[in-house]
Structure formats: structure tokens, C-alpha cells
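Welcome to a short tour of this protein model. Take a moment with the sequence and the structure, and then we can walk through the parts worth a look.

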Amino acid sequence: MSRIGKNPITVPAGVTISFDDRQISVKGSKGSLSRTLPGSITVRESGDTLVVERPDDERMSRALHGLTRTLVSNMVVGVSGGFTKELEIQGVGYRAAAPTTKRLELALGFSHPVFVEAPEGIDFEVPTPTRIIVKGIDKELVGQVAANIRKIRKPEPYKGKGVRYQGEVVRRKAGKAAKK
């Protein structure tokens with residue numbers, strides 16, 4: 001039995017769940033999400049919890065059991081509390097500005113500013129010019145948008161300049177040794 005898949009999902013107050021054939025929809029105070037259940041995995045309500053079950057012990061069913069449980073759990077957490085991903089910008093002259101919550105302007109050492117449009121369901125927050133907070137209810141989408149922003153200017157190993165996740169440690173390399 002999957003250690004992750006067998007754990008029940010606690011549904012907080014204010015979150016409603018509806019099933020329509022292979023589709024599961026979760027509604028909460030922050031919004032609503034829906035997803036099609038993969039394979040022959042089933043989800044049933046048991047009081048104020050959800051239980052994810054698999055029909056047999058075939059390889060594909062075992063693989064999808066824990067995955068489906070985690071995806072449904074992330075949907076429940078997302079519509080009730082939401083997800084955030086924080087990014088740091090390091091480098092002289094590197095900064096971010098968010099004139100609106102849907103568009104982010106980045107100055108990352110290029111000859112032009114870089115603009116990032118937020119997809120539906122994602123908001124940007126810029127508390128300081130060197131910090132970006134990506135917020136949303138879909139964990140997958142929040143992580144992907146943060147990864148796309150980081151990809152614009154990855155932290156380089158010599159001076160550490162670039163966009164990195166909050167708390168990410170960049171291994172530094174020694175520069176060229178001077179000739180004697």
C-alpha cells in the first residue's frame with residue numbers, strides 16, 4: 001500500500017467537493033479548481049475527509065495512487081489557503097517592479113526591461129525591489145511561473161548574480177587565478 005496514498009485528506013470547513021464521473025471539483029474561499037482523475041483511481045468522501053483508493057496492485061495503479069492523493073490534497077489546500085513562492089534578485093542594478101498585480105517588470109542586466117505577464121489565477125507582489133512573491137491557488141502553476149521567472153536570469157556561479165528562490169544556496173566557483 002502506498003504510504004502517501006493511504007493517508008486521508010482532511011477537508012476544512014468552507015470547502016465543498018463535487019464529483020462528476022472522472023472529474024473532481026473543489027471550491028473554497030479563494031476560488032475553485034477541477035481536475036480529471038487519472039486511470040482507475042477513485043476518490044470517495046468519508047465524513048469530513050477524502051479517501052483515495054486504487055482498484056488493484058498493478059504497477060500503474062500503484063504509481064498513480066500517491067500522485068492522485070497529493071494532487072487532490074494540493075487542490076484542497078490551495079482553495080482554502082493558497083500557495084506562495086518567493087524569489088530573490090541579487091546583482092547591482094537588478095530589480096523588479098509591479099505596476100499592477102498582473103504584470104511584472106524586471107531589470108536584469110539586459111539592454112531592455114523584461115515584462116512577465118501573470119497567467120489567470122496568479123498574482124505578483126513586490127514588497128522590495130529585490131523580492132518577488134508569486135501567489136495563487138494552483139500549486140503547479142505557482143511553481144511553474146516562479147521557475148519561468150528564475151529561468152530569465154539564473155544565478156551564475158562566479159558572482160551569484162541573478163534570480164533565485166528564497167533561501168536557495170548557489171555554489172560559487174573560484175575565478176581565474178592571476179599569473180605570477
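Is G91 buried, partly exposed or exposed? G91 is partly exposed, because its relative accessible area is 32%, which lies between the 20% limit for buried and the 50% limit for exposed. Please keep in mind that this is a predicted model. The points below begin with G91 and other residues at the surface, then turn to buried positions, charges over rings and the largest pocket.

**Loops and surface positions**

- G91 is found in the loop between β7 and β8, the latter covering residues 95-100.
- Along the sequence G91 and K161 are 70 residues apart, yet in space their C-alpha atoms are 4.7 Å apart.
- G167 lies in the segment after β13, a strand that covers 162-165. With a relative accessibility of 59%, G167 counts as exposed, because the limit for that class is over 50%.
- G167 also has a partner from elsewhere in the chain: E88 is 79 residues away in sequence, and the two C-alpha atoms are separated by 8.4 Å.
- D21 sits in the loop between β2 (16-20) and β3 (23-27), and counts as exposed at 73% relative accessibility.
- The backbone at D21 deserves a glance, since D21 is not a glycine and still has a positive phi of about 60 degrees. For background, most residues other than glycine have a negative phi.

**Buried positions**

- S61 belongs to helix α1, which runs over residues 59-80. S61 has 8% relative accessibility and therefore counts as buried, as the limit is under 20%.
- What does S61 touch, not counting residues up to four places away in sequence? The contacts are S40, I41, R54, P55 and D56.
- V116 is part of strand β10, residues 114-117, and is buried, with a relative accessible area of 14%.
- Leaving out residues up to four places away in sequence, V116 touches K102, R103, L104, L106, F124, I149 and I152.
- In contrast to those contacts, R59 is 57 residues from V116 along the chain, with 41 Å between the C-alpha atoms.
- R150 lies in helix α2, residues 139-152. Although arginine is in the charged class, R150 is buried, with a relative accessible area of 18%.
- Apart from neighbours within four places in sequence, R150 is in contact with P155, V163, R164, Y165 and E168.
- R44 is 106 residues from R150 along the chain, and their C-alpha atoms are separated by 39 Å.

**Charges over rings**

- Which ring does the charged end of R103 sit over? The ring is that of F115, and the distance to its centre is 4.1 Å. R103 also appears among the contacts of V116.
- A second case involves R153, whose charged end sits over the ring of F110, 4.3 Å from its centre.
- Aromatic pairs, on the other hand, number 0 in a search of the whole structure.

**The largest pocket**

- The largest pocket has a volume of about 170 Å³.
- Its lining is made up of K30, G81, G82, F83, T84, G121, I122, D123, K135, G136 and I137.
- Which strands each supply at least two residues of this lining? They are β7 (83-90), β11 (122-125) and β12 (131-136).
- By class, the lining has 3 nonpolar, 5 polar and 3 charged residues. Glycine counts as polar in this scheme, and G81, G82, G121 and G136 are among the lining residues.
- β7 turns up twice in this briefing: this strand helps to line the largest pocket, and the loop that holds G91 lies between β7 and β8.

Note on methods:
Residues are numbered from 1 along each chain as its sequence is written. This is a predicted model: local features need pLDDT of at least 70, side-chain atom pairs count only at pLDDT 80 or more; totals for chains, interfaces and linings use all residues. Side-chain values use heavy atoms; hydrogens and water are left out. On a 1 Å grid over the protein atoms alone, a cavity is a set of points where a 1.4 Å probe fits but cannot get out, and a pocket is an open set with protein on both sides within 12 Å along at least five of seven lines; lining residues have an atom within 4 Å of a point. Grid points are joined across faces, edges and corners, and a volume is the space filled by probe spheres set on the points. Helices (H or I, at least four residues) and strands (E, at least two) are DSSP runs, numbered from the N terminus. Buried means under 20% relative accessible area, exposed over 50%, partly exposed in between (1.4 Å probe, protein chains only). Contact means heavy atoms within 4.5 Å. Rings of Phe, Tyr and Trp (its six-membered ring) pair if their centres lie within 6.5 Å; planes under 30 degrees apart count as stacked, over 60 as edge-to-face and the rest as tilted. A charge sits over a ring if NZ of Lys or CZ of Arg is within 6 Å of the ring centre and within 35 degrees of the ring normal.
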